[in-house]
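Please open the structure in your viewer and keep the selection tool at hand. The tour goes from one selection to the next and says what is found at each.

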Amino acid sequence: MQPRNMSMSGVVDLAAVKAAGEAKAKAEQARAQAARTGDAGAVTPAALVIDVDEAGFERDVLQRSAEVPVVIDFWAEWCEPCKQLGPLLERLAVEYNGRFLLAKVDVDANQMLMQQFGIQGIPAVFAVVAGQALPLFQGAAPEAQIRETLDQLIQVGEERFGLTGIAVDPNASPDAVPAEVPAGPYDALLEAAASALDANDFGGAVQAYKNVLTDDPANPEAKLGLAQAELLARVQTMDPNAVRKDAADDPGDVTAQVAAADLDLVGGHVEDAFGRLVEVVRRNTGDDRNTARLRLLELFEVIGPDDPRVTAARTALARVLF
């Protein structure tokens, strides 16, 4: 696993968009399953702090990062600043009540992880969100700065990846093991669609998601996955520089503006994408207006209906339509 910084803006990052969609879909599926079974999968406060080694890194960090942001504390027994920072992070993990998971890595026992993250000194703190790693800070930072960083991390996890954290029950048994979730009727098709996305077979992913929606039109994972796959298919063959030049040269070219909105969204500029299409709807009538409106609705599906940026854009769209 080669960690990389989370792309927040500026470039066409297909992997980041795909990861966001997959993480949102998994989070939505887990919440729906918990609602059906009445099992919130709650953990004890003590389970919010875990020791991680190289053998369990994929399971305990990468896989869990599809549910909750995972903060990694790289430390060592001989490191005096680590002895100040570690207890503080553990206290904050409990205080934040499941909004993030703290994974502690002893660098003396896990040299490979230290090298993979490019760590030059400890303590060093990273985060992993939806399988993507990003550095947070190095050294024993002040508590106020740490809180601000954690708040920003949690906000990114919620808004971009749909991660709302894990449920905590102070009365739960420390030895409790979450019940095995039974396979759903569409799990095989959804897994096939996810595999197609991983292989950049966007046409295959689109068809697989459509197969699910044929029988279950409201399936949230399939709806989100379809929107993601269609977006990735559209931008895959685009020349970003040419698309943006066309859009800048001719603001009245609806086709260019719609394509530029796709690039805006893939690059992490969600408000720019929405604002661009709302403006196209405002300026046009007939088929051109409808083209921009439908694309905007498709992009709403990519981000998710609960995202506040979608709510704001829906309000703006209603104002220009009515």
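Are α9 and α10 parallel or oblique to each other? This is a predicted model, in which local features need pLDDT of at least 70 and side-chain atom pairs count only at pLDDT 80 or more, while totals for chains, interfaces and linings use all residues. Residues are numbered from 1 along each chain as its sequence is written, and side-chain values use heavy atoms, with hydrogens and water left out.

Select residues 240–249, helix α9, together with residues 254–266, helix α10: their axes (lines fitted to C-alpha atoms over the stretch in contact, with angles from 0 to 180 degrees between N-to-C directions) come within 8 Å and cross at roughly 130 degrees. The two helices are therefore oblique to each other, a word for angles that are not under 35 degrees, over 145 or from 65 to 115. Among the residues in contact (heavy atoms within 4.5 Å) are Val243 of α9 and Leu263 of α10.

Keep α10 and add residues 270–283, helix α11, which packs against α10 at an angle of about 160 degrees with the axes 7 Å apart. α10 and α11 are therefore roughly antiparallel to each other. Their contact includes Val258 and Leu265 of α10, and Phe274 and Leu277 of α11.

Next, select residues 202–215, helix α7, which has 14 residues. Phe202, Tyr209 and Leu213 are among its buried residues (under 20% relative accessible area, whereas exposed means over 50%, with a 1.4 Å probe and protein chains only). Seen down the axis of α7, the buried residues fall within an arc of 165 degrees, so they line one face of the helix. On the other side of α7, Thr214 and Asp215 are exposed.

Methods: Helix = DSSP H or I, 4+ residues; strand = E, 2+ residues; numbered from the N terminus. Expected span 1.5 Å × (residues − 1). Arc of directions from axis to C-beta.
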